[in-house]
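Thanks for coming, everyone. I'll keep this brisk. Please look at the picture while I talk.

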Amino acid sequence: MLKLQDLTKAYRTDEVETVALNNVNIEIEHGEFVAIMGPSGCGKSTLLNIVGMLDTPTSGHYFFNGEDVAGYSEAQLGVIRKQHIGFIFQSFNLIDELSVFENIELALLYHDIPASERKERVAAVMDKVGIAHRAKHMPSQLSGGQQQRVAVARAVVGNQSMILADEPTGNLDTAHGQEVMEMLQKLNEEGTTIVMVTHSPSHADYARRTINLLDGHVVTESMRA
Amino acid sequence: MKLANYFVSASRNIIKHKLFSAINIIGLAVGFATCILIMLFIKDELNYDAWIPNSDNIYRVELISHPPTARTFHLAATMGPLKPFLEQDFPEFDQVARLYYADRNIRNGQDYIAETVAFAETNFFEIFDYPFLHGSKDQALSDPTAVILSEEMAIKYFGSTNVVGNSLTLSNGRDYRVSAVLRDLPTTTHMDLDIIIPLSYAEFPQPADENGPLSLLDDWFNIGTYIYVNMNAQGTEATAEAKFPAFLDRRGPRPNDTIVPSERWELHLMPLEDIHLKGSESARIKPKGSMTTIVSFALIAFMILVIACFNFMNLSTARASLRSKEVALRKVLGAAKKDIVVQFLSEAAFMAFMAFLLALVLVEVSLPYYNIMVDKVMGIDALHSPVTLGILIALTLLVAVGAGSHPAFVMSSFRPSRVLSSGRSEPIGSIRFRTVLVVVQFTICISLIVSALVVYSQLAYSINRDAGYNKENLLVLDRIRDPLVMGQANILKQRLLDHPDITDATLTSSVPADRMVAIIGFGNVGGVAVDPILSRIQSIDEDYLKTYGINMIAGRNLDETRGDDITTLYGQNQRDEANVLINESAIGQFGFTNAEDAIGKRLIDETAFTIVGVIPDIHLGSTRDETNPTLYYIDQEFYYRLTFKITTENMAALISDVNAIWKDMFPQVPFTQSFLDDRIAEQYKADQDQGQLFLLFAGLAIVISSLGLYGLASFTAERRIKEIGIRKVMGASVFEVVRLLVWQFSKPVMIANLIAWPVSFYFMSSWLEGFTYRIDNFVIIGFCVAAGFLALLIAWATVVGNSMRVAKANPIKALRYE
């Protein structure tokens, strides 16, 4: 599905150049569930942002479905992104002023989908994540676990083939974290590719493959039997 | 030492948030400055004549006339012969003095200059204790050939002010000795006192024979004399006025046997300080001040201050959301709610005071231009009185508390736990409150724009409308009624017509835009007695229609070769028969079925008028006046103006030729000429000034509102950065984000339109009702739409830059771990 080849990302301030990713080579197939681990500042989030097309690499290649998107403009990336990639964040990132329903619908709003179809799809995905009874609530009225379920629903409502999750359980207690992980696993079983950044080894165990990053390098890759 | 701490933190905050502070202070300063300028105007208007010593006890005797056949009218002037009787019968009046204005031609060696001279009675300065620069008030008016000059006039004629003893020559041939020079008076007075000559029989002689015209001093029916009195402790305004009816019956003239004077006239006392705003409309020395203008200006000042205060509140509360963490932390560290309120109030007070200082600078800088606009001479020193300064400082504090309390209370009520645990800090109510404030601001802006547009287009309409005659290329000469000119007016006309570039010329009693009108009433039309009908009368000659480009509707033009077409309405040679033209309005008013029907009918008053022709309505006055029925006749003793039509491009040469003809014929009479269309435009000067001011205020209101909107937009964008980030991740394009943000600010402007349109339509259509000839009410709707779009465009232009910046930013910045 995607292939990173000699990918490098450097941040430049006035005096210092910081290399966040250095010659990274990763390949991820359709339907995989990959966990990315590593200490703070190792480049996990940078990697996820580049994979998610929210950021562009300094050098190297990024093949997405066979297409090298490394040199694409922001607008071009936006088109690919909104068709294929869903996001889940540690801090949920729901819009405070919108209801649960509207937050989920947001992902369809920029896809030229008629209102009736949007309604159906949002309702279906709310059922799937078990949040249908909260459709009219505002995010501030929900628990963290519920908010993250809304975020998951939002990430998949557009039939995205890949979900990028940035520490999806980081702000949740154990029980709620478990809940979210099971949901991701279910999505993966239904065919969605999942790339997840996490600090928790037990949550990484849900993934079939774990990539360990240190100082911008891939240090190990391990497959679960 | 908390206060010192607040001061330090306030000034640091101001420096740290430069954009916010600049917008806030500049907006408020412009608001303050506008307010101060308007206050100066109002103060100036309200203090007319109050600077005159003893002004509380000085009154003008004004006359109310109830003519049997016309509307009651109020006159600023009264009957001159009342004066000695007022002195005899009213012990409560210490002094009674007359003042009369007349045109005179004056020179000091060079050419004569046309001047309006004030003829003042010898005791005039006993009432009006004006400051003298040279000479003394006791001597000034004792000699009948004395002349008192203002500083300005002394310099005009002699080049210096110390000119007591020098002489000026008038066109009556006499020399006048300068007896005193008056210090230039403040402009806030209802009188003009540039050149003063003693009022006496020497100036206005008694008749040489029984039939001659009376001296002005003795003529009961020449109502042009102003009488001033000063009241002593023996009476009051009320007690003196109560005695007037009996006084008039005892002393006043009897127009006929059936009416007693007190039924025909009323006298009343107008306090000196009230003359400018409340004095009678007719026969004023200077135009009346307008209470409506004062009230609407006060309203505008208030509204602009409101806009500026709303900015302040809006920006401060908006910023509050960004400072919520600071507030929460302060509270966690032990600050009470009260401490937070005091902190933010003192910050507001500090800003308001800086704005106030900046406003003083703005006023100082703009005052000269403002003075030109409002046609006044106001100095910044009007602000130096401790009372005014006190009021302004109190106002500043009021603004600080009023505008600062909302943000202070909003912020002080943040619950720290909520603020610190979630990113969300602002209650939805306060966002709504801000929207309401923006709606109010733009409602005011839109209404002011509509007002300015309506005033301006009515003005343009008034000046350019088709008034029934051709006003192009017409030049007017005044002073035809001057005794030296009158007898030779026809010769002058002929000499002008000899000029190759002058095609037509006509002598008339008045020209369009003249304020003076003569009215006549008659009680018999076509042999039938009717309720008295009023008609304007105008003296013309046979070339009038040709010169003004007017076509006959029915009948024939007047003909100077026919004896029965020539009339003398008054005086020794009075005739009681006259052939006249009437205008279209008269047909219906006089009860004729059509123009042909009117021909040959007779209208009978003291004179019997026979209608020989009908012409279209010619609108002579301002568009405020209606077109009245008018009679046109030839009376060669009543020519005041000469109008002539020119065909040349070379205006300067032509005017110099005409000047040469005039100088040749009347070397002692100053030459004055003006274009008819300029004279017409001149009568709308007050409207023009008003339109200009409306435009200025509307502009300022918009500037202040846009400043506020700009600030608000930047804060909103900042507040919505996370949301925008999410939307972008979800696939929103830059355009879609910009549209979202711009729409957020369009909504309040659109709501403002919904409120402003009916309100301004109501007020401006009732303003237009003051005009008989006016633009269609429908036009106001067009202006509403235009003003609405303008406001929307301005709002867009204000917020779009900011929105672009935010929309283009990389979303990951906003979505990083918090």
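I'll go through a sheet, its helices, the cores, the cysteines, chain B and the contact between the chains.

One thing up front. This is a predicted model.

Let's start in chain A, with a sheet. Which order do its strands take? The order is 6-7-8-3-9-10, so to speak from one end to the other, in an open sheet of 6 strands with mixed pairing. Strand 6 and strand 10, residues 217–223, are the edges, and each has a partner on one side only. Between neighbouring strands the average turn is 20°, ignoring direction.

Now some of the pairs. As background, strands of a sheet pair through backbone hydrogen bonds, either parallel or antiparallel. Strand 6 and strand 7 of chain A run parallel, joined by 4 bridges. There, A:Ile85 sits opposite A:Met162 of strand 7. Next comes strand 7 with strand 8 of chain A, again parallel, over 5 bridges. In that pair A:Ala165 faces A:Met196 of strand 8. Then take strand 3, residues 33–37, and strand 9, residues 209–214, both in chain A. They run parallel with 4 bridges between them. A:Ile36 stands opposite A:Ile211 of strand 9.

Stay with strand 7 of chain A for a moment. Why is this strand described as largely enclosed by the rest of the structure? Because 5 of its 5 residues are buried. Look at where they point. A:Met162, A:Leu164 and A:Asp166 go one way. A:Ile163 and A:Ala165 go the other way. Both sets are buried.

On to the helices. Helix 6 of chain A lies across strand 3, strand 6, strand 7 and strand 8. Its direction is at about 150° to strand 8, residues 193–197.

Two loop residues deserve a look. A:Asn93 has a phi near 50°, which is positive, and it is not a glycine. Find A:Asn93 in the loop between strand 6, residues 85–88, and helix 3, residues 100–109, of chain A. Is A:Asn93 buried or exposed? It counts as buried, because its relative accessibility is 0%. The second one is A:Glu167. Its phi is also positive, about 45°, and again this is not a glycine. A:Glu167 is in the loop of chain A between strand 7, residues 162–166, and helix 6, residues 174–189. With a relative accessible area of 10%, A:Glu167 is buried.

Next, the cores. In soluble globular proteins, nonpolar side chains tend to be buried together. Here the largest nonpolar core has 177 residues. Which members touch the most others? They are A:Leu47, A:Tyr62, A:Phe64, A:Ile104, A:Met162, A:Leu184 and B:Tyr370. Take A:Ile104 from that list. Leaving out neighbours within four places in sequence, A:Ile104 contacts A:Val122, A:Val125, A:Met126, A:Val150, A:Ala153, A:Arg154 and A:Val157. A second, separate core holds 46 residues, including B:Leu545, B:Tyr548, B:Tyr632 and B:Ile646.

Now cysteines. How many disulfides does a search of the whole structure find? The count is 0 over all chains. B:Cys35 is in no disulfide, and the nearest cysteine sulfur, on B:Cys309, is 8.6 Å away. B:Cys35 is buried, at 5% relative accessibility. A:Cys42 is buried too, with a relative accessible area of 1%.

Let's turn to chain B as a whole. Chain B has 818 residues, and 52% of them count as buried. Its secondary structure comes to 27 helices and 22 strands. Along the principal axes, the C-alpha atoms of chain B fill a box of roughly 110 × 65 × 55 Å. Consider contacts in chain B with a separation of 6 or more. Of these, 77% come from residues 24 or more positions apart.

Last stop, where the two chains meet. The size of an interface is often given as the accessible area lost when the parts come together. For chain A and chain B the buried area is about 2,100 Å². Carbon and sulfur atoms give 54% of this area. On the chain A side, A:Leu54, A:Asn93 and A:Tyr110 lose the most area to chain B. Together they make up 27% of what that side buries. The contact takes 25 residues from chain A and 20 residues from chain B.

That's the tour. Thank you.

Technical notes: Residues are numbered from 1 along each chain as its sequence is written. Chains are lettered from A and ligands numbered from 1 in the order in which they are written. This is a predicted model: local features need pLDDT of at least 70, side-chain atom pairs count only at pLDDT 80 or more; totals for chains, interfaces and linings use all residues. Side-chain values use heavy atoms; hydrogens and water are left out. Buried means under 20% relative accessible area, exposed over 50%, partly exposed in between (1.4 Å probe, protein chains only). Two strands pair if DSSP finds at least two bridges between them. Axes are lines fitted to C-alpha atoms, for helices over the stretch in contact, and angles run from 0 to 180 degrees between N-to-C directions. Contact means heavy atoms within 4.5 Å. A disulfide is a pair of cysteine sulfur atoms within 2.5 Å. A nonpolar core is a set of buried Ala, Val, Leu, Ile, Met, Phe, Trp, Tyr and Cys residues joined through side-chain atoms within 4.5 Å. Buried area is the accessible area (1.4 Å probe) that two parts lose on being put together, summed over both.
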